Every structure is written in structure tokens, then in C-alpha cells.
Amino acid sequence: MDGKKTKLPYPLEKFDAEVAGRSFHNGRFVQMMREKAAALQFVRMEQGTVTSLLEQDNKNVVGVQYRTKDGQQLKAYAPLTVICDGCFSNLRRSLCHPKVEVPSSFVGLVLENCQLPFENYGHVILADPSPILFYRISSTEVRCLVDIPGPKVPLVRSGIANYLKATVASQIPLELKDAFLSAIDRGNIRIMPNSSMPAEPYHTPGALLIGDAFNMRHPLTGGGMTVALSDIVLLRDLIKPVGDLNDASSLCRYLESFYILRKPMASTINTLAGALYKVFSVSPDDARKELRQACFDYVSLGKIFSGGPIALLSGLNPYPLSLVLHFFAVAFYGVGRLLLPFPSFERMWVGARIVLCAFGIIFPIIKAEGIRQMFLPTSIPAFYRAPPLR
């Protein structure tokens with residue numbers, strides 16, 4: 001930020017040696033998972049485009065209708081259908097209440113043959129008007145994501161290259177600038193909307209939503225795959241003791257626990273992603289400017305002040321209350337800096353607005369996630385659901 005740098009390592013002292021952050025080509029990673037799954041004895045992989053869910057009595061989902069590459073319309077039946085067709089899902093509308101927001105878009109580039117300022121770290125540049133990300137995806141490639149605020153990119157594709165050169169390039173670290181400009185000239189620029197959607201499922205017998213089709217958060221913190229894989233592990237452990245998947249209504253009632261048990265991990269990462277995006281984006285408001293600077297300086301203090309937020313961001317510490325405490329600690333740290341050594345009425349007024357601003361950022365996100373589900377999941381009966389009898 002403004003030429004200053006700080007390094008935030010994961011607090012891994014209490015974890016095994018193999019615990020680490022990962023970055024990768026998303027498409028390659030997903031394809032490798034498909035190949036792993038297809039190699040299992042009792043798995044048959046079929047490729048096609050699902051056009052609709054098959055329903056029985058307008059209530060139970062009993063399978064899918066899909067179209068193969070050669071245009072055949074086929075049906076597949078199953079006692080449980082898991083829907084994970086991504087952020088542009090055309091199947092979720094009948095399974096959840098989709099409130100999709102698009103606060104910004106990423107303009108993506110791949111930089112070649114360059115060195116990051118801190119190798120094996122993800123990089124966030126607090127640029128104007130919003131953050132820029134860099135992270136390594138192979139031994140020779142670095143992914144760059146430039147955030148463009150607003151529900152749509154207000155530039156035609158030919159104008160994006162000019163914008164990147166005129167506005168963004170001057171804010172790129174010197175080590176990466178030449179590779180950044182070369183990537184623009186190669187022209188392989190991609191645009192992706194940054195969608196956000198809280199999880200509001202309908203409990204539908206025979207069907208279950210997971211992944212971005214079910215729940216999305218701003219990708220600033222790279223939390224989507226962490227939430228998805230965490231959900232898969234939880235779902236695996238819930239289904240493992242179930243002997244018979246054919247009793248759709250009993251299974252559906254039991255799997256209501258999934259939506260509660262996932263909340264600590266998912267809501268922590270979701271809330272932090274949304275809040276950090278708003279804090280890191282440039283604003284003309286003095287209180288927002290102070291909060292942005294306070295956030296950078298707070299994590300620059302090191303120890304618990306950097307390790308705490310990074311543990312929350314990465315899913316190592318999935319505790320929403322800890323998130324709220326750190327978020328308001330940043331706000332009060334900003335207030336304290338303003339009032340010392342000599343407070344004035346003007347500074348006190350800005351300090352009060354910093355706290356109000358912090359509350360205005362985080363509370364709507366928490367409300368959308370569900371206050372009771374986030375902070376008191378054990379008070380919800382579904383938390384204790386037992387698997388159906390074999």
C-alpha cells in the first residue's frame with residue numbers, strides 16, 4: 001500500500017507440516033479431481049449438459065435430464081442428486097433463494113517468467129480504486145487479477161488494455177511491471193464477474209446444492225475452494241453412516257444439519273471476504289480512508305495482529321466471534337491513532353464515524369449469513385440431527 005510492504009505468514013505452529021496454502025490453475029485442478037473420482041471402482045463418469053432436474057410429484061428430485069455431445073437427450077436417476085454447476089448455475093432456482101450480487105469484476109491476466117516480491121505468497125496491492133491480486137499458478141506463470149468496481153465492466157474489450165496501461169500499470173510493483181505490460185500486449189485478457197450470494201436453501205428431498213451454485217463470496221481472499229472442500233468433507237462424514245439413501249424425506253431432514261454445521265467455516269470466510277473488499281476499496285469518505293489505513297497498519301504489527309486475521313481468512317480458525325473481535329479491533333486501533341497524542345473535536349467526530357462505518361460494513365453481511373446460525377449454531381435443533389436408522 002502506497003509503497004509500503006508487509007508479509008503475513010500463516011500461523012502454522014500447531015499444524016502438521018503438510019498444511020499449507022495452495023494456488024493453482026483452477027481448470028486443471030478440477031479436471032484432475034474428476035479423473036481421480038472416475039478412477040474409483042464404483043464411480044461411472046458421464047459427460048453432458050444438464051438441462052433440468054427430474055421431479056416426482058412436484059416435490060422430490062429423482063435425477064436429471066441431460067444432453068450429450070452428440071445431442072441425445074438422456075435421463076439419469078438417483079436417490080440423491082448433488083448439484084454443483086457453479087456460479088452461473090441454471091439449476092439452483094428451484095433449490096434455493098438466489099440473491100446474487102455482483103459488486104465488481106476481475107480482469108485477469110497471466111504474467112510469464114517473472115518473480116513475485118515475496119515468492120510463495122499471495123499478493124494484494126491496495127490500489128486505486130480497488131485491490132489487485134498476484135499469485136503464482138505454475139513455475140513460470142503468475143496470475144494477475146485487477147478488480148473493477150461495479151456490476152459491469154464499463155469498458156469495451158479494446159478499452160480495457162488502455163485502462164490497464166494508463167491507470168493500473170503505475171500501481172504495479174516494479175518487479176512485475178514489465179511482465180504486466182507484456183501480458184497486456186499478448187492480449188489474452190479475461191473478464192469474470194465477482195458474485196456474492198448468501199446460502200438460503202430450500203430443503204428439497206432428493207437434492208443437495210454445494211459449491212458456487214449454493215453459496216458465493218467475493219473472491220478477494222480466494223476462499224471459494226476452501227469453503228467448497230470443507231463442505232465436501234463435512235458432507236462425506238454426514239453421509240458415511242447412512243445405510244439407505246432411498247428414504248428421501250428422512251435423508252433430507254437429516255441433511256438439514258449440513259447447513260448448520262457448515263456455518264462456522266463458511267460464514268467466517270464469507271464475511272471476511274465481503275468486509276475486506278469494502279475496507280480495501282478506495283473511498284472519498286475520511287472515515288473509510290482511515291479504516292483502510294488502519295487495517296493495513298494493524299496487520300503490519302505482526303504476531304496475533306497478523307496471524308489472527310490470516311487464520312480466519314484461510315479457514316484455520318473458523319470462529320465468527322474471533323472475526324468480529326479482530327474487525328472492531330482494527331476500527332478502534334484506527335480511532336486510537338486519531339486521538340493520540342492530542343484529541344480534537346474534529347478527530348473525535350472522524351473516530352466515531354470509523355466505528356459506525358465498520359458496523360455498517362460488517363453487520364449487513366452477518367445479517368445475510370444469519371446471526372443465530374453464525375454465533376449460536378448449537379441452539380438450532382437441526383445441529384443435533386442423527387442419521388436415519390439403517
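**View 1. Thr 226, Val 227 and Ser 230 of helix H4 meet Met 265, Ala 266, Ile 269 and Asn 270 of helix H6 (contact: heavy atoms within 4.5 Å).** This is a predicted model, in which local features need pLDDT of at least 70 and side-chain atom pairs count only at pLDDT 80 or more, while totals for chains, interfaces and linings use all residues. Residues are numbered from 1 along each chain as its sequence is written, and side-chain values use heavy atoms, leaving out hydrogens and water. Helices (H or I, at least four residues) and strands (E, at least two) are DSSP runs numbered from the N terminus. The axes of H4 and H6 come within 10 Å and cross at roughly 175° (lines fitted to C-alpha atoms, for helices over the stretch in contact; angles run from 0 to 180 degrees between N-to-C directions). That makes the pair roughly antiparallel (over 145 degrees; under 35 is roughly parallel, 65 to 115 roughly perpendicular, the rest oblique). Sorted by class, this contact has four nonpolar, three polar and no charged residues (nonpolar: Ala, Val, Leu, Ile, Met, Phe, Trp, Tyr, Cys and Pro; charged: Asp, Glu, Lys and Arg; polar: the others, Gly among them).

**View 2. Helix H7 (residues 286-299) packs against helix H9 (residues 320-339) at an angle of about 110°.** Their axes lie 9 Å apart, and the angle makes H7 roughly perpendicular to H9. On the H7 side, look for Glu 290, Leu 291, Gln 293, Ala 294, Cys 295, Asp 297 and Tyr 298. Facing them from H9 are His 326, Ala 329, Val 330, Ala 331, Tyr 333, Gly 334, Arg 337 and Leu 338. The mix here is nine nonpolar, three polar and three charged residues.

**View 3. Helix H8 (residues 304-314) has eight of its 11 residues buried, so the rest of the structure largely encloses it (buried: under 20% relative accessible area; exposed: over 50%; partly exposed: in between; 1.4 Å probe, protein chains only).** The buried ones are Ser 306, Gly 307, Gly 308, Pro 309, Ile 310, Ala 311, Leu 312 and Ser 314. Their cover includes helix H4 (224-239), along with H6, H7 and H9. Ahead of the helix, Lys 303 sits in the loop between H7 and H8. Lys 303 has a positive phi of about 50° although it isn't a glycine, and with a relative accessible area of 75% it is exposed. After H8 comes Gly 315, with a positive phi near 85°.

**View 4. The largest nonpolar core holds 37 residues (a core is a set of buried Ala, Val, Leu, Ile, Met, Phe, Trp, Tyr and Cys residues joined through side-chain atoms within 4.5 Å).** Touching the most other members are Val 279, Phe 280, Leu 291, Phe 327, Ile 354 and Ile 361. Helices H6 (263-280), H7, H9 and H10 (345-369) each give two or more residues to this core. Zoom in on Phe 280: leaving aside residues up to four places away in sequence, it touches Val 124, Leu 126, Pro 131, Leu 220, Arg 292 and Cys 295. Another core lies apart, with 26 residues, including Cys 114, Ile 125, Ile 132 and Phe 134.

**View 5. Five strands make an open sheet, ordered E6-E7-E8-E5-E9 with antiparallel pairing (strands pair if DSSP finds at least two bridges between them).** E6 (123-125) and E9 are the edge strands, each pairing on one side only. On average, neighbouring strands are turned by 25° against each other, direction ignored. E5 (residues 101-112) shares six bridges with E9 (residues 190-196), and Val 107 stands opposite Ile 191.

**View 6. Strand E8 (residues 141-149) is mostly covered, with seven of its nine residues buried.** Nine bridges link E8 to E5; Phe 106 partners Asp 147, and Ser 105 stands opposite Ile 148. Five more bridges join E8 to E7 (residues 132-136), where Tyr 135 partners Arg 143 and Arg 136 stands opposite Val 142. E7 and E8 form a hairpin, with four residues between them.

**View 7. Two cis peptide bonds and a loop asparagine are worth a look.** Asp 128 is joined to Pro 129 by a cis bond with omega of about 15°, and Pro 129 lies in the loop between E6 and E7. The bond from Leu 340 to Pro 341 is also cis, omega near 0°, with Pro 341 in the loop between H9 and H10. Asn 113, in the loop between E5 and E6, has a positive phi near 50° without being a glycine. Asn 113 counts as exposed at 66% relative accessibility.
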